[in-house]
Amino acid sequence: MTILQHSGAAAFARGAGIGKRSQSRLSALARHGGPFAVYAVFALLIGLPLALVLVQAVMPGLFAARDASNDLSLEPLARVFNAPYVAGSVLHSLELGMLVACTTTALGGAFAVLVQRCDIPGRAAISMVPWLVFLTPSYLKALAWVLLMSSGGYLAQFGLLPLSLGSAFFGLGGLVFVHTLSLFPLAAFIIGSALAGLGSELEDAARLSGAAPFRIWLRINGPLLAPAIALSFIATFAEVLSDFGLASTIARMSNFGVLTYGIYAAASDYPVDFPAAGAQALVLLSLVLLVVVADRLLRRRADPRLISGRARPARLYRLGKWRWLAMAAALTLTFLALALPIAAIAARALTQTLGNGLVWSNFTAANVVAALSLNTAANDGLLRSLFYAGLTALIASSLALLLSTQLDRAGAALRSAVVGLSLGSVAIPGIVLGFGYILVWNRLPGFRDWPFPHYGDGSLLVMGYVAAALPYCLVVILSAIGQLAPGLTDAARLHGVGPTRRLLAITLPLILLSVVTAFLLTFIRTVFELPISQMLIPQSGPPAPTLILKLFSHDRDGLASAIALVAMAAAGIGAALVWYPLQRFMRPRRSVARVDAGSPQFVKAEILS
Amino acid sequence: MSVRTTFCLAMGLSTLAMAAPASASDLVLYDALDFAGPVAKAFQAKTGLTVDIVEPGSTGETLGKIAAEGSNPQFDIVWLDGSAVLERMAADHVLQAVPAAAYDKVSFTDLGKSLIPQSHAFLPTGTSTTAIEVNTKKVAADKMPKSWADLQSFAGKVAAKDPNLSGPAYQWLAGFFQTNGLDAGKALLARTLTNKSLSGLSSGGKVNKAVLTGDASVGINQDSAIFSKIAAGEPVVAVYPSEGSVSLPQGLGISAKTQHMDAAEKFIAFVTSAEGQAAMQNGDDTDFFYIPIIKGIDAKPGRETNITYTHLDDAVASAHETEWKQWYKTNFVQ
């Protein structure tokens, strides 16, 4: 990722450091211990559990229930590669990942430009849409679309679904459609945050030199955004490869076998076919790492460092009458990605049976009432999940901030290793990571006797959540830190400010929105994180996702839909309570009119940025 | 207070919060059965002993968790559908034999007695079987299937569970081969399950969904799942095939590593008591519609119990398990 590469005199100067009294042991530790800490965190959270799963592809007897042995064998790999369905699912996964990465990046990028740089009506409301879409987990969206599109589903009941469209939906077309609608927020976040960091100086300069808007985007903004676009492409690709929500619903119903489902199938029996699960996980991971490495080989440039103390907010484009068309497009997207799936889930939550459809006698409030009443299993699970998610978000975003500052100081090799690891681990299916956690914390001598974290407690569940969330937080915070002009912290250091204070008083305020973004992303994703919740379910009680899934698999999708609805509302309100007050304080108001350097808003923007 | 102190305090507090003590209950129960919660609650109310219930999801997911825990199981009691898998756990020394005295205290019916395993790997608490689920809105009354063989006329519209993901589904497959003959049975399935998107479903809930949405006209499903849908007012019926049905017992097993043998035995005694059986019927979901196997206990109203059983040859079924599951996967799943 070029956005994370940088070199030059400033970096060299920072790396060299100046040994004064104020730069006591902490900074020495940071210089020497930094890379070590980064590696240790990754090894413990992700590396070791993953390795234990993968190694079984060549040591099939390692965790066998009887006669465990550590003999090497290529039998599992040979078996997996000789099975025709594995080759089929590799091709399916690749085909789907590539297609969705293209459509999602295009849709998300267009959305980010539309919302951040154009004067479409209702901009503030529309900019909330990606967050809300992100709030709904993929397995719920998949379920909603199944409720809508299946031949006896809601759309067919209303006569809105031509038969041919219904059958075509359960195939590659439908998968790309639902994935794109569900993942476009990721692309919009990544490209949008790069867009926000661009400022307007370069653009203003180009315009003063007579360049037309199209030329500015092609020659200036486009190339500057290229790293973010590539990042969005790769993150989406990895996300699709590792997705399990759609793989187990629409893909399964369409007989479109993908790798994650193969791993799940191998891991859901007694005894578990660990070698087959390990071998398929190995294939999956290799695919993602290949893409990351290919990206690095293709583009080796220094990254732009654009956020300085003087960045001005970019101006908005006036679309004229086209703005209504743009708004219609955004609203259509909102309807398809958000309103329709939520309506389907709400309809299911408020009815007794699916087969009897939306007739008056079929409606009931019992499911929602059960989810909202205190001291019910449903409500307990919900509260537990909100607590775990808040804790996870706090730990993961703080850890990512600390690691990012270490990484920003470290060499390019470490940075690329960590980014590769992060993206690779985004692609690790949660079920594989969950298995690895059980193997490490319940089977490995030494680990299994540690009191904290301990398998079966909430502590290990939170640790698993942190591991699953850390890569995301790192990608978000690293790209923000990467855009900071080095001069800001260098100046502070020359004035004798210590590393902790530099982090808290300079770096953190400048990238606070990104840190909070990482926090909220983690919070929302964790409330609904499914596979790790299943594998590491605490003995003290299940978190909400496990409960929702259990109800679905035990055929009580009415109550499951009700819990899901309430959970979405709770997570959404929680996130909004953090985000809105903060945004009010942090983000300078932007107007269509020319920014006046003397206006109070501009002064505030200068102070804050 | 400086920013740094605040920061450290926040991190410290979160660590403390995470360190909340492990639950120290009297029993840890792993299960994938709807009635485990109500039963545990009733047990707790009667004996004062606390039970932690761990339910990762479907039977397959619960099995995956137990398999990952391997030689260091964290449960005291496991309660699942499917006798074969419990036998395998006992063979791997994950489970210990249930004490003979526990069986003697229960007055099993003849059906119940036939389900007690020689190895004492588990204690049967109830049973169910596999039936043909028919959507009455899609299939006319005079076109109802009467046997497994009749399902051919619904080719492409038959929903079935993948035996690789469902213990009961494997017992159905083995029973089907036993009653229809291996080669004839394979040929019959090849003519019937012609739609891979319906023949490799992962749970009974998904078979229900396929039949209810109309994607499938008929389904091969656990009969308790069908009765729970009928009770909920869905337009389906259960048809028992003329070839006879194979019983799918639910069993309680005891961990080989349990430190709470007393509590485990008390739990077994409670489950097989009239109160325990009442708790097992105190709900409307699939598993509450089990077939009781203890004298004097009736099934939930609406639940058919007059069923012709055939006895599954467990030795043949377990000898061919890997081969037949793989055959099913290659032909009807992927």
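The turns below go through chain B of a predicted model, from its domains to the side that touches chain A.

Me: What makes two domains of chain B, and where do they lie along the chain?

Reply: The division comes from a domain assignment, which gives domain 1 as 23–128 + 248–303 and domain 2 as 130–246 + 310–333 of chain B. The centres of domain 1 of chain B and domain 2 of chain B, taken over C-alpha atoms, are 26 Å apart.

Me: How do you know which residues of the two domains of chain B are in contact, and how many are there?

Reply: Residues are in contact if their C-beta atoms, placed from the backbone, lie within 7 Å, and the contact takes 17 residues from domain 1 of chain B and 21 residues from domain 2 of chain B. On the side of domain 1 that touches domain 2, helix H3 (59–69) and helix H4 (83–91) of chain B are the elements that give two or more residues. By class, that side of domain 1 of chain B has five nonpolar, seven polar and five charged residues.

Me: Why is strand S8 of chain B called largely enclosed?

Reply: A residue is buried if 20 or more other C-beta atoms lie within 10 Å of its own, and five of the five residues of strand S8 (residues 218–222) of chain B are buried, so the strand is largely enclosed by the rest of the structure.

Me: What makes S6 and S7 of chain B partners of S8(B)?

Reply: Two strands pair if there are at least two bridges between them. Strand S6 (residues 130–135) of chain B is joined to S8(B) by five bridges and runs antiparallel to it, with B:Val134 opposite B:Val218. Strand S7 (residues 158–160) of chain B is joined to S8(B) by three bridges and runs parallel to it, with B:Ala159 opposite B:Gly219. Both counts therefore satisfy the condition for pairing.

Me: Why is helix H10 of chain B described as largely enclosed?

Reply: Ten of the ten residues of helix H10 (residues 204–213) of chain B are buried, so the helix is largely enclosed by the rest of the structure; among them are B:Lys206, B:Val207 and B:Leu212. H10(B) is followed by B:Gly214, whose phi is positive, near 95°.

Me: How many residues does the contact take from chain B and from chain A, and which element of chain B gives the most?

Reply: The contact takes 58 residues from chain B and 61 residues from chain A. Several elements of chain B each supply at least two residues of its side, including helix H1 (3–18), strand S2 (51–54) and H10, while H3(B) gives the most, with nine residues. By class, this side of chain B has 23 nonpolar, 22 polar and 13 charged residues.

Technical notes:
Residues are numbered from 1 along each chain as its sequence is written. Chains are lettered from A and ligands numbered from 1 in the order in which they are written. This is a predicted model: local features need pLDDT of at least 70, side-chain atom pairs count only at pLDDT 80 or more; totals for chains, interfaces and linings use all residues. Helices (H or I, at least four residues) and strands (E, at least two) are DSSP runs, numbered from the N terminus. Ala, Val, Leu, Ile, Met, Phe, Trp, Tyr, Cys and Pro count as nonpolar, Asp, Glu, Lys and Arg as charged, and the others, Gly among them, as polar. A residue is buried if 20 or more other C-beta atoms lie within 10 Å of its own, exposed if 12 or fewer, and partly exposed in between; C-beta atoms are placed from the backbone.
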